[in-house]
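Work through the following exercises with the sequence and the model at hand. Each task is followed by a solution that proceeds step by step.

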Amino acid sequence: METFLINKTYHFGNLSSKTGNTVSERSKVLAYNNFIGKSPSMRYIFDTIDRVSKNTSTVLITGESGTGKELIANAIHIQSPRRTRPFIVVSCPNLSETLFESELFGHEKGAFTNATDRKIGLAELAQGGTIFFDEISEMSPSNQAKLLRVLQENEFLRVGGTKTISIDVRLIASTNVDLKLATEKGIFREDLFYRLSVVPMYTPPLRERKEDIALVVEHYFQRYKNSFRSKAKEIHPRAMKLLENYCWPGNVRELKNVIERMLTLHGDNETIVEEHLPTEIRRGIKRNACAYTSNPSKLFESLEMESLDEIVSRIERELIRQALKKSNGIQVKAAEILKTTRRILKYKMDKLGMTSDENLCT
């Protein structure tokens, strides 16, 4: 899937009939449930989805908010033999401490006040399928212990019940924080962390895969244009350049909102121009979130929208990426450049979800 230039405007037509991609490549884009990209990091994600979908290993998906962690989890499910069974999403921030067991495991009639009927829990509803714990870092320590036991035993009791219920579910979790750091601080159980991160996956923010921005813009431009029956046919190159240069602190979620807003307010124009873009994109506001790569003095300003841990992780990622690129992916040489050992470099790469190959062409 490629963008193409017609009359110096980004024209979003039927790409499948105008590009040299094979049918299988185009089908893969569709199979990944709107998760779009051609960058090395995205190709690595697609390959990992293919590999992990064939087994039942637990997957921990990390990355900033709005990068599509749930899309990856759903893609793993629909590519797996469990695709005909349920895909259940558990929103951990919305799962209260007191209702955790009842929501997840269900309860028997009369188990507590107002329990007038038996309730089937989310874990039981996911039988044979996949259960996705979104933002699992928000789960309380006591509930972490309860989840760990279920993972170890593959069985549970409904609240107020006496009969053990066995389950066969695939567990995938996501978080936008550094769980390893959380375990060191005692906020997250170390044993649960290792149980979850059998296969770690990192979803890069848009600013780390700028070559994908035009593709993502195209996808949502087409979706909302058709939905709104808009007259818009193209985006002027200067407007597209602004979209590509913007840092997208809200990632794909923010980009979707921008495209929807543009077509809602200016969809009666055939060409989307600079003036139709939001003010923050036209003026480059919020770009300080990634300005550290060219201006270290901007680091402190980044704390307005990112935590210290997020900034440090991003700096480490960029330094490692540059060292691997300079050393042609040879980790021993990259470690020498970074004045560290290969063991420490490998540990940091695993922690950040990086590989040598994915960084050579970025």
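## Exercise 1: Two packed helices

Helices α9 and α11 are oblique to each other, as can be worked out in this predicted model.

**Task.** Determine at what angle α9 and α11 pack, how far apart their axes are, and which residues make the contact.

**Solution.** Begin with the geometry: α9, which spans residues 213–228, packs against α11, residues 251–266, at an angle of about 45°, and the axes lie 9 Å apart. Next, classify the angle: values from 65 to 115 degrees count as roughly perpendicular, those under 35 as roughly parallel and those over 145 as roughly antiparallel, and α9 and α11 are therefore oblique. The handedness completes the description, since α9 passes α11 in a right-handed crossing. On the α9 side, the contact is made by I213, V216, V217, Y220, F221, Y224, K225 and F228, while α11 contributes V252, L255, K256, I259, E260, L263 and T264. Sorted by class, this contact of α9 with α11 comprises eleven nonpolar residues, three charged residues and one polar residue.

## Exercise 2: The five-stranded sheet

**Task.** Establish the strand order of the open sheet of five strands, and identify which strands are its edges.

**Solution.** Reading across the open sheet gives the order β4-β7-β10-β3-β11, with parallel pairing. The edges are β4 (87–91) and β11 (199–203), each of which pairs on one side only. On average, neighbouring strands of this sheet are turned by 20° against each other, if direction is ignored.

The pairing at each edge can then be followed down to single residues. At one edge, β4 runs parallel to β7 (residues 130–134) and is joined to it by five bridges; in β7, T130 is the bridge partner of F87. At the other edge, five bridges join β3 to β11, again in parallel, and T62 has Y202 as its bridge partner in β11.

## Exercise 3: The surroundings of an edge strand

**Task.** Decide whether β11 is mostly covered or mostly uncovered, and find which helix lies across β11.

**Solution.** First apply the burial criterion, under 20% relative accessible area: four of the five residues of β11 are buried, and the strand is mostly covered. Then look for the helix: α2 (residues 40–52) lies across β3 (59–63), β10 (170–175) and β11, and runs at about 150° to β11.

For context, 48% of the 362 residues of the protein count as buried, and its secondary structure comes to 16 helices and 13 strands.

Conventions. Residues are numbered from 1 along each chain as its sequence is written. This is a predicted model: local features need pLDDT of at least 70, side-chain atom pairs count only at pLDDT 80 or more; totals for chains, interfaces and linings use all residues. Side-chain values use heavy atoms; hydrogens and water are left out. Axes are lines fitted to C-alpha atoms, for helices over the stretch in contact, and angles run from 0 to 180 degrees between N-to-C directions. Helices (H or I, at least four residues) and strands (E, at least two) are DSSP runs, numbered from the N terminus. A crossing is left-handed if the near helix is turned anticlockwise from the far one by less than a right angle, and right-handed if clockwise. Contact means heavy atoms within 4.5 Å. Ala, Val, Leu, Ile, Met, Phe, Trp, Tyr, Cys and Pro count as nonpolar, Asp, Glu, Lys and Arg as charged, and the others, Gly among them, as polar. Two strands pair if DSSP finds at least two bridges between them. Buried means under 20% relative accessible area, exposed over 50%, partly exposed in between (1.4 Å probe, protein chains only).
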